[in-house]
Structures are given as C-alpha cells and as structure tokens.
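Open the model in a viewer and keep the selection panel at hand. The stops below give a selection and then what is found there.

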Amino acid sequence: MTRLGAALVFLAVCALGATAAVRIEVSNDVAAFMPDGHDNERAQIFQALLAGENTRGSVYAVGAPSAAAAVVASRAFAERLRRDPEILRVENGFAASDGEGVARLYRSREAYFLSDAPNADTWSDTRLRTAFRRLTEQLALPTGGLARSLATRDPFMVFQHRVDALAAMRPEGLVARDGVYLTRDERHAVLFVTSRESPFAAAKQAPLLRRIEQAFAAVNANQHGRLTLAQSGFARFAVASELAIRNDVTRISILSAVGVILFTLLLFRSVRFLLLTFVPVVVGMAAAVSVSYAVFGAVHGITLAFGCALIGVTEDYPVHLLNHHTFAGKGTTPAQSLKRVWIGLLLGAGTTTVGLLGLGSTTFSAMREIAVFASTGVIGALLATRYLVPPFLPVAEAAPPQARVALTLERVLAAFRRRPRVVGAVWLVALLVVAVGLPRVRWNDDLSRLNAEHPEWRAEDARVRALVGAPDATRMVVALGRDDNTALRVNDAVAEALQEATVAQEVTSFQSAHSILWSRETQEESAESARRADGFGERFRALASEVGFRDSVFDPFLRELGSPTTQPLSYEEVRTSPLGTVLQRFRLSLPQSIAYVTFLRGVQHSDALNARIASISGAVYLDQKEFLRDAYGAFRTRTLQLLALGALGVLLIALVRYRRIRAVVAVCFPAWTAAATTLGILGLVGVEGNLMHLLALVLVLSMGIDYGIFMAEHSEESELPSTLLSVVAATVTTILSFGLLALSTNPALRSLGMATGIGLALCMVLAPLALISLRGDGSRTA
Amino acid sequence: MTRWACILVALACALSLSVASRAQSPAPTFASVMSGLAQTTGFVAQFREEKTIELLAAPLRSEGTLYFAPPNHLARRITRPASSAMVVDGDRVRMLEGHAIRELDGSQDAAIGAFVRSFVQLLSGNRAELERTFVVAFTATGGSAWSLRLTPRDPRLGRLVREIRAAGAAQRLQELVVVEGNGDTSTSTFTSFEARSLRANDPAFQLRAP
C-alpha cells in the first residue's frame, strides 16, 4: 500500500470511528451484567424489573420542624417537580378525587368481588349470618356512615374491603395529613417520584437530579432553610457510578497515554516511530467503537474502559515490528521486517481474539460487548500494523539507541541462564503460591461488590426506607400470562397460595395487585357462586331479617346480582382510574408475556414458599439476591470453563504451529502459571475473587501467550535482544494502561487493573525463564 | 316583738338573701360553657348509646366508656353487646374491629374527619374551631343546664351529619345526639362522669389487637 493510500484508509477509519463515538451511548445499566432474558423467565423478569417503574422511582423525605411545615413543603416541592418534563409522576398524598374515582370503579360490581375463592361453605347460613352481623357492627360505629350509605347495594362491604386492602398497601411508616404523606413522627413529608427514563440513563438522570436539588433549594429558601432532604433510589448511585467511570477513564487514559508516549519516545527517540505506534491503536479503537455501535448501539462504561485500556495492548504490535525492524540491520526493508514478525503477530492476535471471542459465547451482554469491542480492536490494530504502518517505515539503519536496553535485558537473561537454581527457585515460588494460595481463593458473586461504594448514601437510603417503612422488594412472586387477564388469573392463584403461606407463617405479609383487580374468571365465579347457591335469595332475605334488617333493604343488591348491569372490572378500566398508578407498580410487560409481581414481606421459610409457588403453573418465586448470586455463580463457572476451552484452543494452535511439546510448553506454560499465580496471590492476601478478576485472567492468558509466541518465534540468539525488548515494552505499556486501572475508584475497574498488572508482570518474567528452562544451554528449541 | 316574730323576720331575711343570691348567679352562655370545658384536664364517663338506623328494624343499643385527654385525645370503648374501640389522636382515627386495627385517615375523607374532630373540639371547648365548622345555636335551659345545636357549614359535612345536639350542665356533657345526613340518629347518654387527669400515653388511648 502506498503512503497516500494508507493515509486515506487511516483517515476514513478515523472518520467512521469519530462518527460512531459521537452517536454511541455509554450506559452503566446493571442489566448488562445479567444473563440475557432469552435464557429463562427469571432473567426476563429481572430485566423488566430493572426497566420498570419500581426501579425508576425514588423516595424523597423532606424533614421539617412541624407537621404543618412538612405539609406545606411537600405541596410546594411536588408542584415544582410536576413541572419537570423528565418526571413521569409525583405522589405526595391522596387527591380528594381519588376516593370518588375508586368508588366509581367498584360501584355496581360488588357481586364480582364477593369471594375470590368461593366454596360450598361460602354462602352457607352461618356465613351469611356472620356477614350480616359484621355489617350491623359496622353500622353501629361512629364512622359507619359510609357503610350505611352503601349497604343496600353492598351488604358484604366489598368496597370497604377494597379500601382496607388499598390502605394496607401503603408503606407502613406513612400517615396522611391533609392529603399529604407524612412519616409517623410527622416530621418528614414523603414524596414518591418516578422518572420517565431509566436511572441508568445517566445523560438524562444527572441533570434531572440537579433540577430536583434546585427545586428543593427553592422550597427550602421559602421555609427559611429549616428543611432537610434525604432520598432513596437507584438514580443517584447510577449517575455517580457513571460519572466516576467517565472520570476514571479520562484520568487513566491521560495517564496511560502520557506514560506510553514517554516510554516510546525514550525507547525509540523518534517522533515518527511514536506516531506510528499510535496508528494501530487509533485504528483499533475506531474499529471497536464503530462495530460496537453497529452491533449494540450503546456500550457499557466497563466496555469503554476496557477499550481504552486496549490502547496499550495493541501498541505491542507496532512496537514489536519497529523493534525488529530497527534491529534488522542496515538495508532491511519494512516489508522484510514485517514478514519476519508477521506470523508471531498473527498468532498473538489470533490467540487473543480466540480468548476474547470465547467470552462472547456467554449470555451476559456486557461480556459480549467486551468480546466484540476488544476482538474488533485487536483485529483492527493487527491489520493496521500489517497495512498502514510499513509504508511509513524508513529503510533500517544502524542499531538504534534502544539497543542498549535490549543488550541489558539479554545480559539479565544470560545471568539467569548461568544460575539455573535461581530460575528453578522462581518457578518453585510461583508454583508454591499456586499450591497454597489457589485453594484459599474465595469467590464473591455479589453484584453490588462491583459497584461504586457510597457508604453515606447507602446509610441515607436505608434511613429513608426505614422512615417510610417500605418493604424489602427483593423477594417476590411473579404471575405470568400471555395477556393481562391470563396473568391476573395466575395472580389470583398466587394470592390464594400466599394467604395460606401467611397462615403457615412462611411469610409475614404481601402486596399484590389482587387487592385491586381479579381476573375476569374469578370475578364472574364470585357472582355466579352466589347465584348458584341453593335458595340464595330467599335465605339471604330471611337471614337479614333474622339479624334485624328491615325487609327488602337489600333488594338493590339482589337485583344487581340476578341481572348484572355491569361487566367485570378490567385492567384497562383500572389503568385509566386513580388506581392505575398503583396497579402499574405490580405490572411488568415482558417480550412475550405480561407479569404481575407480588412483593413479599418477612419471608421466613423460603424453601416452603418456593415449593408452594412452584405448584402454580405460570408463577415464579424470585429472590433477587439469590437469583443474582446464582446467575453470577453460573457465569463464573462458565467463564472458567471458557478459559479452559480457550487454553485448549491455544494449545492446539501452538501444536499446529510448532509441532513440538517443548515449544508448546514454552508458549503456554508461562501464561498459565502467571494466571494461576495471580489467583494464588489474591488468595494469599485475602482479596475476594470476582468476575473482573476472571476477566483479567482472560487477558493475562491471551497476552501471556503472545509473549510466549514472541519468545518462541524469535528465539535465535540474534533476535533475542529485540524480542526481549518487545516483551518488556509490551508489559510496560500494558501495565501503564491496564495496571493503572487499579487506581480507579470503581471496584470493578480496580479488580481488573490489579489482576492484569500482577498477571502480566509475571508473564513478562516467566516467558523468558520458560525458554531458558526448556533450552538449558540456550540452544534453539522452537 | 315576740320570739316568733324575730324568727320569722330572720327566716324572711335569709330567704330573701338566698333568692337574691340565686337571682345574681348568671345563666350559662356558650362562652362560659366553652371556657369551662377548655379548663378540663380530662375525664372518664360511662355512656349508653341508642342508634336508630333506617336499615334496621330496631335501634342498636350499646354501652361503654369514654376517655378524654385535652386537647385532642379521645377513646371510645364499647363493652356491650360486643367489644370494639375507637381512638382519636389529633387527626388520626384508629378503630379496633374484631382482631384488626383499622386506621381511618381523616384527611382522606374530609367529612368524616371533620365529624370526628368536631366531637373532640366540643369536649375540649375549642369554640373558635366549632364556630368555624358549625352554625352554633346555644340555649340556657335553666340553672346551669344548657343545650347546643351544631349545624355544619360545609355542605359535604352536612351530607354526613345533619346536626349535632348536645346537652349538659355546667361543664358536663350529659347527652349527645347526632342526626346523620340520611336521618339515622344516635343518642349517647353520659353517666358516672369522673374528672381525671389523663395523658396521651395513658393505656386508655392505646390500641392493641387482641
């Protein structure tokens, strides 16, 4: 390729990458670390929950010196928040019209809500007599006016039961004063704010959080600064996490770039070489961003950080080429130098890509993103090294300044050769660390450990939840159906089972859409069971009279029961009523189905509950924490299997290439030992292993194999100094990029950086030592 | 003057002084009754209630105890025919029905809230609030006896309570009649009135499910 052609291709790829970089969305959606929804129902439900209203909701507690001040502050704050276009809903209490709206919903539908599980005893004389006595007691209460006004149509107090059920759904810690939610101590007003966007859409959430703070500041100013604000919700954590990742990536990228530039300049003393080392990096990044945009449309912050770190990795290819070219001797053309290193580069990139693509076969979208992003970057960088760098290389001249460094490295290696016991001791120590440390590794699959820590916010979050008395929303039962009514039918069965579970003390209480709406079949069965009951009308009148009611007072009820003037209550009607927002909290729309979630309080016997729910077709018991632990445990196991599979793939590639066991060992053993030793060190120092450590090990293995390949491909005495220099340069630049991630405030990035840094440093040491160990006197083995 | 004449004169003087004294004792006014009620430190009273409900062929009768601690703590515990309880704590109204405690949020239903509050305002002698909520008709009915008729100003409350009639002597409430919007009437007669300093944390105001 000519220089002009190479320059044009480079510019075109850069333009493509820049366009994609501007358009691509950076997310920190935790769902990216979940197995895909295609795998099973639970994952779908989990992802829908993450996208649902419960996740988009935040609770704000406004502290005030008095109940009256809290009421005023709540109203003013809510009014300001409702004006914000990014806020879907603000609930700070009851509207006066809500009660009328709810009453309208159930009016003339009393027969449909008489009993959700009628049986032979439901309409017995005894039960009817009890119902009439209860009504009489209700009528006698000072507050019995409502019951008296409804009794002729609603002798079983259906409406009252619905109202009671709705009241029970309100968080336990809340009371309403003048229509405004207050905590029981009446010193905090409580507002439930639901945003339109996911809390993980940081671009919208960050300004929204600022506007909410400003709105509160204005309200507080009107109350002479006597108010306080505390909050609970995902948004703040997600925004902070996204910001931290962005800051870390920027900071580390700058540090990395500066370090790499300085190192390269010191090594080659040439600005042209410096620029050339960046060509594959830039092309790799541009390709990675473009392909990721085309495939995913958005990348996770972790993927982006990983991609930035690739800068250091792919720089190894031009560095390796430049090293060999400058050491090649006077008159060597760039094409000749490229030909000499190409197989090594191809093998190195190939094994790395194989390792990364192995990750792509997982069902975790973040891992697939990383696999696609990284392998595209590696391939792009390799191709750029192959086609775009050589046209700009000068014909090789005299030995460059880096020869001194290379010779020093050669001397160090020679010193090791003379001291086989020291080499043996290094291997022994490494294997000892593996033997002792590896069994001590404790894996922690808790997702929250990978998120940024904000102890003060977590404490505030817990405080607000305690004030409000919000249930622990991590355990739930989900009723699934192809449409709303089918799902509600399952939900009815779930509610019945949970009633029994409550009696059996398997669970303390639960919140269900069943308090609002039953399936059409359950409603019809409710009315039909009364109509079907033997002599219902006559017995009803007689027993009412016996208890003391005047004749015919309940005729309106009996007429409606006999000839209904209304249809059963439907989801659509509830959705458009004041109860619509309440119902939405329980409803999820999944790709193939509708789900109604029942939130559990005080689960005492998870296994028994699980067994009870398992017997209901279409119902799923879900413990979010347990689910995540299981999912991540499965992911970890899968990753380990893929690592083993990747290692086997690399082994086969090495066997095909070298056809000698010693060479294959020289290529593979250092990387494997380095990966195992890294884990052993983590075990010895008591750091819990997590997914990011495993991800780092994939990198260590991929790059460690590269080092082994470089050493094996160029083990002739004449090439050894430049090869050693390539390995050291690769390690230094990689540690400057990946290792610096250990400085990140994000635990996930920190884990990645730490394990990569340790692992690659070990690879750098072990790859040449493996060559020595296998060659003994230094004769060629590969 | 004979001895008898002296005795008669003395009796006449005593009688005239007594009459004069009686003539000078002012008849109760709304202000004086409210003022007297406002000074109470609490009381316990037995009550008997008769409720005439249109739906029922016969009136419902019940008995129980009323506890009051100013300014806004009230407990109404029915012991017969079946036990139930209602506790008012400011705006908060809780009821024990069977085995369940139910909280009625006064602010959810302005009319019920106003009704509950009005009873507490009457007992605590909160004249301003009573006059804000009701048209008040006060009558001194002889001696220290008085009667009061409260007619809601707010039509929403009027739909729930047509009028409240109270009768008492001095600072004691003796009878309370509530005529509801639909014509149902409850008449509570208070007996065994005992002044007692009660506090909000008194067990009488605690509600526990059995």
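Select the interface of chain A and chain B and look for salt bridges across it: the rule finds 0. In this predicted model, 4 residue pairs are in polar contact across that interface, both residues of a pair being at pLDDT 80 or more. On the chain A side, show α6 (125-140), α7 (145-150), α8 (158-169) and β4 (174-177), the elements that each give two or more residues to the surface touching chain B. Helix α6(A) supplies the largest share, 4 residues. Colour that side of chain A by residue class and the count is 10 nonpolar, 8 polar and 7 charged.

Now widen the selection to both sides of the interface. Contact involves 25 residues of chain A and 27 residues of chain B. About 2300 Å² is buried between the two chains, with carbon and sulfur atoms giving 55% of that area.

**Chain A as a whole**

Hide chain B and show chain A as a cartoon. The cartoon should display 30 helices and 13 strands. Of the 782 residues in chain A, 58% count as buried. The accessible surface of the chain is about 31900 Å², and 58% of it belongs to carbon and sulfur atoms. Among contacts between residues at least 6 apart in sequence, 82% join residues at least 24 apart.

**Salt bridges in chain A**

Over all chains, the whole structure holds 28 salt bridges by the rule. Start with E91(A) and R585(A), whose closest N and O atoms are 2.7 Å apart. This pair links distant parts of the chain: E91(A) lies in strand β3 (residues 87-91), R585(A) lies in the loop between α24 (580-584) and β11 (587-589), and 494 residues separate them. Is each partner buried or exposed? E91(A) counts as buried because its relative accessibility is 13%, under the 20% limit. R585(A), at 29%, counts as partly exposed.

Next select D484(A) and R587(A), a salt bridge with its closest N and O atoms 2.7 Å apart. Here too the pair links distant parts of the chain, with D484(A) in helix α19 (residues 484-503) and R587(A) in strand β11, 103 residues apart. Both D484(A) and R587(A) are buried.

For a pair within one helix, go to R575(A) and E572(A), which meet in a salt bridge at 2.9 Å, N to O. The two are 3 residues apart in helix α23 (residues 571-575), so about one helical turn separates R575(A) from E572(A). R575(A) is partly exposed at 39% relative accessibility, and E572(A) is partly exposed at 43%. Then select R489(A), R520(A) and E521(A) together: salt bridges that share partners join these three into one network.

Move on to D555(A), in helix α22 (residues 555-562). With 18% relative accessibility, D555(A) counts as buried. The side chain of D555(A) makes a polar contact with the side chain of R541(A) at 3.4 Å.

**Backbone stops in chain A**

Most residues other than glycine have a negative phi, and most peptide bonds are trans. The next stops depart from this. M157(A) has a positive phi near 55° and sits in the loop between α7 and α8. M157(A) is buried, with a relative accessible area of 9%. Q505(A) also has a positive phi, near 60°, and is found in the loop between α19 and β10 (507-511). Q505(A) counts as exposed at 59% relative accessibility.

**Chain B**

Bring chain B back and display omega. Where are its cis peptide bonds to be inspected? One runs from P70(B) to P71(B), with omega near 5°, and P71(B) is in the loop between β2 (60-69) and β3 (73-80). Another joins R80(B) and P81(B), with omega about 5°, and P81(B) is in the loop between β3 and β4.

Finish on V87(B), in strand β4 (residues 84-89) of chain B. V87(B) is buried, with 1% relative accessible area. Leaving aside neighbours within four places in sequence, its contacts include L74(B), A75(B), A204(B), F205(B) and L207(B). To check a distance, take the C-alpha atoms of V87(B) and Y67(B): they are 9.2 Å apart in space, for residues 20 apart in sequence.

Technical notes
Residues numbered from 1 in each chain as written. Chains lettered and ligands numbered in written order. Predicted model: local features only at pLDDT ≥ 70, side-chain atom pairs only at ≥ 80, totals over all residues. Heavy atoms only, no water. Contact = heavy atoms within 4.5 Å. Buried area = accessible area lost by both parts, 1.4 Å probe. Salt bridge = Lys/Arg side-chain N within 4 Å of Asp/Glu carboxyl O. Polar contact = N/O pair within 3.5 Å; in protein donor to acceptor, adjacent residues only side chain to side chain. Nonpolar A, V, L, I, M, F, W, Y, C, P; charged D, E, K, R; others polar. Buried < 20%, exposed > 50% of the residue type's maximum accessible area, 1.4 Å probe, protein only. Areas by Shrake-Rupley, 256 points an atom, 1.4 Å probe, with all protein chains shown as cover.
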